[in-house]
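Open the model in your viewer and keep the sequence panel beside it. Each stop below names a selection and then says what is there.

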Amino acid sequence: MAPKPESQNLTSTTTSAAEPSSPSSIDPLFHLLTLLPYSILRPPRLRLKLPSFTLPSSMTVFSLVLLTYFMVVSGIVYDVIVEPPGIGSTQDPYTGSVKPVVFLPGRVNGQYIIEGLSSGFMFIVGGVGIILMDLALEKNRAKSVKVSYATAGISSIVIAYVMSMLFLRIKIPGYLR
C-alpha cells in the first residue's frame, strides 16, 4: 500500500483532534480512566487459543438440507400456525361406523398433518430417486452397481409420481379427467 501524500496533514490533524481516543483530548476524566488503572494493574499473560471450527461433512450438510426441504414441502409452517388435526374422520352413511380419513377432500388450501407428511415423503422419495440416477452415471463404478442405482432411482421416481398423482386425485376429485 502506497504511503499517503503529505498534503493531507491539515485534514488528518483536524480529524485526530475530534477523535476521543487521541492524546490531545481535553476531557480529564478520559485521561484518568485510560491512565490510572493501567499504570497500577498489569493484565495477565493468558495463553488462550482461538477456537478452531471445522466444516461439517458433506453428508451432514446434505442431511440438513434434505430435512429442511422435507419440512418445507410437508407444510410444517402451516401445521404450526393453523394447528389442524393429525387425521380426520368421516361417518359411513350405510353402516354408521366412523372411518379415519387421511386426506381432506375438496379443500386445496387445507390439510391434515398426516396428509402433509405423506406428500412430503413422496417428494423426498422422488428426489432420492434422481440422486440415485445421478450416481448411476459415474464412470468408476461397477456395472452391476450402476444398474442397481439406476433401477432403484427409476423405480423410486415412478413410485413417487404415481403416489403423488393418487394423492392429488383423492384431494381434488375429478382433477385432470
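In which helix is Val 82 found? Select Val 82: the residue belongs to helix H4. The model is a predicted one, so read every value here as computed from predicted coordinates.

**Stop 1: Val 82 and its surroundings**

Val 82 has a relative accessible area of 46%. That counts as partly exposed, because the class runs between 20% and 50%. Now add Gly 110 to the selection. Val 82 and Gly 110 are 28 residues apart in sequence. From C-alpha to C-alpha, the distance between Val 82 and Gly 110 is 9.3 Å.

Move on to Glu 83. Glu 83 sits in the loop between H4, residues 76-82, and strand E1. Check its backbone: phi is positive, about 55 degrees, although Glu 83 is not a glycine. Is Glu 83 buried or exposed? Its relative accessibility is 64%, so Glu 83 counts as exposed.

**Stop 2: the whole chain**

Zoom out and colour by secondary structure. There are 6 helices and 2 strands in the chain. Along the sequence, they follow the order α-α-α-α-β-β-α-α. Colour by accessibility next. Of the 177 residues, 18% are buried. Then consider the contacts with a sequence separation of 6 or more: 52% of these join residues 24 or more positions apart.

**Stop 3: the hairpin**

Select residues 88-91 and 98-101. These are strands E1 and E2. The two run antiparallel, joined by 4 bridges. Pick out two pairs. Gly 88 has Val 101 of E2 as its bridge partner. Gln 91 stands opposite Val 98, also in E2.

Now go to the turn. The hairpin has 6 residues between its strands. One residue to pick in this hairpin is Gly 96, where phi is positive, near 85 degrees. Ser 97 also lies in the loop between E1 and E2. What does Ser 97 touch beyond its neighbours within four places in sequence? Its contacts there are Thr 90, Gln 91 and Asp 92. Ser 97 is partly exposed, with a relative accessible area of 35%.

**Stop 4: helix H2**

Select residues 28-40 for helix H2. The helix has 13 residues, which should span 18 Å at 1.5 Å a residue. The end C-alpha atoms of H2 are 18 Å apart, so span and expectation agree. How many residues of H2 are buried? The number is 0, so H2 lies largely in the open.

**Stop 5: helix H5**

Select 113-135 for helix H5. Its 23 residues should span 33 Å at 1.5 Å a residue, and the end C-alpha atoms are indeed 33 Å apart. Show the buried side of this helix. Among the buried residues of H5 are Glu 115, Ser 118, Met 122, Ile 124, Val 125 and Leu 132. Four glycines are on the buried list too: Gly 116, Gly 120, Gly 126 and Gly 129. What do the buried residues of H5 pack against? Display helix H3, residues 58-74, together with H6: the buried residues pack against both.

**Stop 6: helix H6**

Select 143-171 for helix H6. The helix has 29 residues and reaches 42 Å from first C-alpha to last. That is close to the 42 Å expected at 1.5 Å a residue. The buried residues of H6 are Gly 153, Ser 156, Ala 160, Met 165, Phe 167 and Lys 171. Keep H5 on screen, since H5 is included in what covers these buried residues.

**Stop 7: the largest pocket**

Last, show the pocket surface. The largest pocket has a volume of about 360 Å³. The residues lining this pocket number 17, and the closest to its centre are Glu 115, Ser 119, Phe 167, Leu 168 and Lys 171. Which helix gives the most to the lining? Helix H6 does, with 6 residues. H5 and H6 each supply at least two residues. Colour the lining by residue class to finish: 9 are nonpolar, 6 polar and 2 charged.

Key. Residues are numbered from 1 along each chain as its sequence is written. This is a predicted model: local features need pLDDT of at least 70, side-chain atom pairs count only at pLDDT 80 or more; totals for chains, interfaces and linings use all residues. Side-chain values use heavy atoms; hydrogens and water are left out. On a 1 Å grid over the protein atoms alone, a cavity is a set of points where a 1.4 Å probe fits but cannot get out, and a pocket is an open set with protein on both sides within 12 Å along at least five of seven lines; lining residues have an atom within 4 Å of a point. Grid points are joined across faces, edges and corners, and a volume is the space filled by probe spheres set on the points. Ala, Val, Leu, Ile, Met, Phe, Trp, Tyr, Cys and Pro count as nonpolar, Asp, Glu, Lys and Arg as charged, and the others, Gly among them, as polar. The expected span of a helix is 1.5 Å times one less than its number of residues. Buried means under 20% relative accessible area, exposed over 50%, partly exposed in between (1.4 Å probe, protein chains only). Contact means heavy atoms within 4.5 Å. Two strands pair if DSSP finds at least two bridges between them.
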